[in-house]
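Here are some numbered notes for a colleague who has not yet looked at this structure. Please read them with the sequence and the model open.

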Protein chains: 2
Amino acid sequence: MNQKIFDNNWLIESGNEKDVVLISRIRLARNLKEFNFPNKATLSEKEKIIDELQNNLNFLKDKNFHLFKMEEFSSLERDVLHEKNLISKCHSENIEGTALILNNKLHLSTMVNEEDHLRIQVFGSGLDFTTIWQIADQFDDQIESEVEYAFSNKWGYLTSCPTNVGTALRASVMCHLPALVLSDRINEVLGAVGKFGLTVRGVFGEGSGSAGELFQISNQVTLGYSEKEIIDNLKSIILQIIREERRTRLYLVNKNYDKLKDNVLRSLGILKYAHSLKENEALNFLSKVKFGLDSGLIEEEINKNAFSELIFKIRTAHLQLNNYNNKEQLNIKRAELIRNSL
Amino acid sequence: MNQKIFDNNWLIESGNEKDVVLISRIRLARNLKEFNFPNKATLSEKEKIIDELQNNLNFLKDKNFHLFKMEEFSSLERDVLHEKNLISKCHSENIEGTALILNNKLHLSTMVNEEDHLRIQVFGSGLDFTTIWQIADQFDDQIESEVEYAFSNKWGYLTSCPTNVGTALRASVMCHLPALVLSDRINEVLGAVGKFGLTVRGVFGEGSGSAGELFQISNQVTLGYSEKEIIDNLKSIILQIIREERRTRLYLVNKNYDKLKDNVLRSLGILKYAHSLKENEALNFLSKVKFGLDSGLIEEEINKNAFSELIFKIRTAHLQLNNYNNKEQLNIKRAELIRNSL
């Protein structure tokens, strides 16, 4: 696979509230009526599904779309796709009878034969479900016009796992919540989120101690609500979290102006000068710098979008694509990439 | 006293080996024959001594020299003079019947009625006893031509404390020894120094844990050797320490290139960006940056002399001269001064 594709911007640059929301994502699970679900399907059945898609989906003849069999990718390329969230860990490991449909810009991806026959995903920057839902919905209709989905009038879209049945829609946002973490209010606020049918996890690493103070919040319930209701519910909770994070930032900045200013500026100084940076360490300094920029503590002109790009580009597999394999070399390359980006 | 005087460069800029030796100093203790030593003298006797000097020393009529009574200085100004090493702690505190003779450039100072009637000091940057000894010797001769010293053919120059008798000469250097500290060899090397009649102390704080990895090394013995022998002995030991420090730097840089480069560059990044810096913390980062510059780990163009200026300018009394009295304000002002200097 051409390495250039990995440099593409895989986020639609249209969203808002970018001081708190980095990425919005919509995922739809779909299955083809005539085939067993992937967990029951044999390898030859899975290959037949891929052929079926290849033959029937007209948009694959379009230059903007590609269907790749997973075995076409090197192990490193699969890791990069996983780091970009374009595929799941599981999909990066199971390469027999699996495939990936990507558009050129990478913001629209579809895993083939992961847990379901099709897992359609759309990614946008900032809070932006209007745009990405429109893209996902349109893409879904396009596929449905060419293949027959497993659908029940009672249950909606049928899926391998019953928790996805119904709309089979999962909407999620990646949020940057440094003030809630710093003020030790993160567990309280994120705990409350569960009561509204949402789930939270750290983006890098497990639990609330997420590196970079990044959290992914998504809906848990897919059945009994329309797509619009699910998205609107998520959006309204996210807006409350945004308000809470912003209020806490103001409070902290007022209370500890000099200390926080010092902390974020030192982080910037280290990112601008370090010779070597480990992944988690880099994420944490980037998080501090983004907080400093968004809260006005850092006045220097720095491209704010650098942050959402860097949190992916500095990850190990992304760096390894450039042939830096020794661990210390990776840390050095990571520091260089950050210095050049800021 | 005009604040401008404190901004003067009090080091003669002529020495060598500046990667290791920051400052050379020579101190001569002298007493006037006709008066009790200061520890026995009454206040009126001390005042008489000051008058005697004021009347007899012709060079004091010269614009380049000033005799200040210590009580003319504010407490803060005395702290600044002490931070510059121009006066002792004791001299900054006892302001009755004491005085200070300074030349305009501040590299030549004489405490009057400290432990001895006269304590002449000359300061130069780098290793440079030739120049500063010449200045001290000439200045001493000039005074001796106008007042009569307490001198014994058997003991040499007589002093309040018997350990100074003889030449009454103390020569010292302030050395930057980061590699010997980092490699845990500092105590071994400095311990050996004692066997050659020298003593060592941390410049800031006590013991070998000196902030900024700065050490002052001076002769202990003043009797039984000529001035030239004392200086030559000190110089030959210092040259060995310089060699040892340089060898250790090379060794460490070869062994831990990336780790050290990262460490010194992060220190530079913090100094260039921090909003607030405590005194010891600033000294330690400055020490790392100087080490980085001297060992080639930092390639950026930075004024190397900034280091020997900054280690004094960032000290508390120096900063307070500019009316920053609140402790946090001082730290912020310190960080600003360093950012602007680098």
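1. A:Leu277 is a good place to start in this predicted model. Beyond the neighbours within four places in sequence, A:Leu277 is in contact with A:Ile270, A:Leu271, A:Ala282, A:Phe285, A:Asn331, A:Arg334, A:Ala335 and A:Ile338. The other chain contributes to this list too, through B:Arg266.

2. Which residues touch the most other members of the largest nonpolar core? They are A:Leu277 and B:Leu277, in a core of 98 residues. A second core, separate from that one, has 54 residues, among them A:Phe129, A:Ile237, A:Ile238 and A:Ile242. In soluble globular proteins, nonpolar side chains tend to be buried together.

3. How are the two chains related? Chain B superposes on chain A by a rotation of 180° with 0.0 Å of shift along the axis, at an RMSD of 0.0 Å. This is therefore the relation of a two-fold axis. Within chain B, the C-alpha nearest the axis belongs to B:Gly269, 2.0 Å away from it. Both copies use the same surface, since 100% of the contact residues of chain B recur in chain A.

4. Chain B has an open sheet of eight strands, in the order β2-β3-β4-β5-β1-β8-β10-β9, with antiparallel pairing. The edges are β2 (65-69) and β9 (198-202) of chain B, each of which pairs on one side only. On average, neighbouring strands in this sheet are turned by 20° against each other, direction ignored.

5. At one edge of the sheet, β2(B) pairs with β3 (residues 99-103) of chain B in the antiparallel sense, over five bridges. B:Lys69 is opposite B:Ala99 of β3(B). Helix α8 (residues 227-255) of chain B packs on the sheet and touches β1 (21-30), β8 (169-176), β9 and β10 (214-219) of chain B. The direction of α8 makes about 10° with that of β8(B).

6. In chain A, helix α7 (residues 186-193) has the buried residues A:Ile186, A:Val189, A:Leu190 and A:Val193. They lie on the same side of α7(A), because they cover an arc of only 90° around the axis. The buried residues of α7(A) pack against α6 (178-182), β9 (198-202), β10 (214-219) and α8 (227-255) of chain A.

7. Helix α3 (residues 75-83) of chain B has the buried residues B:Glu77, B:Arg78, B:Val80, B:Leu81 and B:Glu83. B:Asn85, just after α3(B), has a positive phi of about 70°.

How values were computed: Residues are numbered from 1 along each chain as its sequence is written. Chains are lettered from A and ligands numbered from 1 in the order in which they are written. This is a predicted model: local features need pLDDT of at least 70, side-chain atom pairs count only at pLDDT 80 or more; totals for chains, interfaces and linings use all residues. Side-chain values use heavy atoms; hydrogens and water are left out. Buried means under 20% relative accessible area, exposed over 50%, partly exposed in between (1.4 Å probe, protein chains only). Helices (H or I, at least four residues) and strands (E, at least two) are DSSP runs, numbered from the N terminus. Copies are superposed by least squares on the C-alpha atoms of residues with pLDDT of at least 70 in both. Contact means heavy atoms within 4.5 Å. The arc is that of the directions from the helix axis to the C-beta atoms. A nonpolar core is a set of buried Ala, Val, Leu, Ile, Met, Phe, Trp, Tyr and Cys residues joined through side-chain atoms within 4.5 Å. Two strands pair if DSSP finds at least two bridges between them. Axes are lines fitted to C-alpha atoms, for helices over the stretch in contact, and angles run from 0 to 180 degrees between N-to-C directions.
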